[in-house]
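User: Please take a close look at a single part of this model and describe its surroundings in a connected way. I would like to follow the account from one residue outward to the strands around it.

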Amino acid sequence: MDVRPCNTYAARPAGTAVHRAGKSVFKLYFVDIYGREHPERFEWRLNGLDPGAVAAALERLGVEGVGFVIAFPHIAKLFRYAPDAEILMLVKAFRPADGESLPLERGEGYVEFACLTEAVIAAAEYRLWAEAATVDDYLGTWCDWGELPIRDNAKLRRYWASA
């Protein structure tokens, strides 16, 4: 297995909003990844992209349903409760600046599930969805999360390289 170097990862909340379009509604979580080279790519306040671009991208994509979006300046993931089986959560990725779809395929038949922040928020949102009696109840609750650093982003590489 070829384990490549990867960037550091430390994330923090950068705001929330709600996007409504008719009956469709999505909670928007804005996230910064900080401490990396080129912070203007990963931090909302340094990026220059208005967070409203995420809602505009959703409009361009014609997204329908109920769910949430986790948006970094360079990528956003839309999590939607499946219209044909609402016990399932579907995900797609897009670029916040223009709504262009981004692939989640990562080779060898795998698809990207989530980074740490996405996993934490998705787990909490799924729990909120499961516990809510109505969609309005669900929409009235938010995931509470704080800074999420990954202590060591090279442990798999070292493990795999060791004899």
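Analyst: Leaving aside the neighbours within four places in sequence, Ser 24 is in contact with His 19, Val 63, Glu 64 and Gly 65. The model is a predicted one, and every value here is computed from it. One of these partners also takes part in a polar approach, in that the backbone nitrogen of Gly 65 lies 2.9 Å from a polar atom of the Ser 24 side chain. The relative accessible area of Ser 24 is 10%, and the residue is therefore buried, the cut-off for that term being under 20%.

Ser 24 has its place in strand E2, and this strand, which spans residues 24-33, runs parallel to E3 and is joined to it by 6 bridges. Within this pairing, Leu 28 stands opposite Val 69 of E3.

Strand E3 itself covers residues 66-71, and because 6 of its 6 residues are buried, the strand is largely enclosed by the rest of the structure. The covering applies to both of its faces, since Val 66, Phe 68 and Ile 70 are buried on one side, while Gly 67, Val 69 and Ala 71 are buried on the other.

Besides its parallel pairing with E2, E3 pairs with strand E4, residues 76-81, in the antiparallel sense over 5 bridges. These two strands are connected in sequence by a hairpin, which leads from E3 to E4 through 4 residues. Two positions illustrate how they are set against each other: Val 69 stands opposite Leu 78 in E4, and Gly 67 stands opposite Arg 80 in E4. Val 69 thus has a named partner in each of two strands, as Leu 28 also stands opposite it, with Leu 78 as the counterpart in E4.

Strand E4 is mostly covered as well, with 5 of its 6 residues buried. The pairing continues from E4 to strand E5, residues 89-94, where the two strands run antiparallel and are joined by 6 bridges; in this case Phe 79 stands opposite Val 91 in E5.

Followed outward from Ser 24 in E2, the path therefore passes by parallel pairing to the buried strand E3, then by antiparallel pairing to E4, and from E4, again in the antiparallel sense, to E5.

Key
Residues numbered from 1 in each chain as written. Predicted model: local features only at pLDDT ≥ 70, side-chain atom pairs only at ≥ 80, totals over all residues. Heavy atoms only, no water. Buried < 20%, exposed > 50% of the residue type's maximum accessible area, 1.4 Å probe, protein only. Pairing = 2+ DSSP bridges. Polar contact = N/O pair within 3.5 Å; in protein donor to acceptor, adjacent residues only side chain to side chain. Contact = heavy atoms within 4.5 Å.
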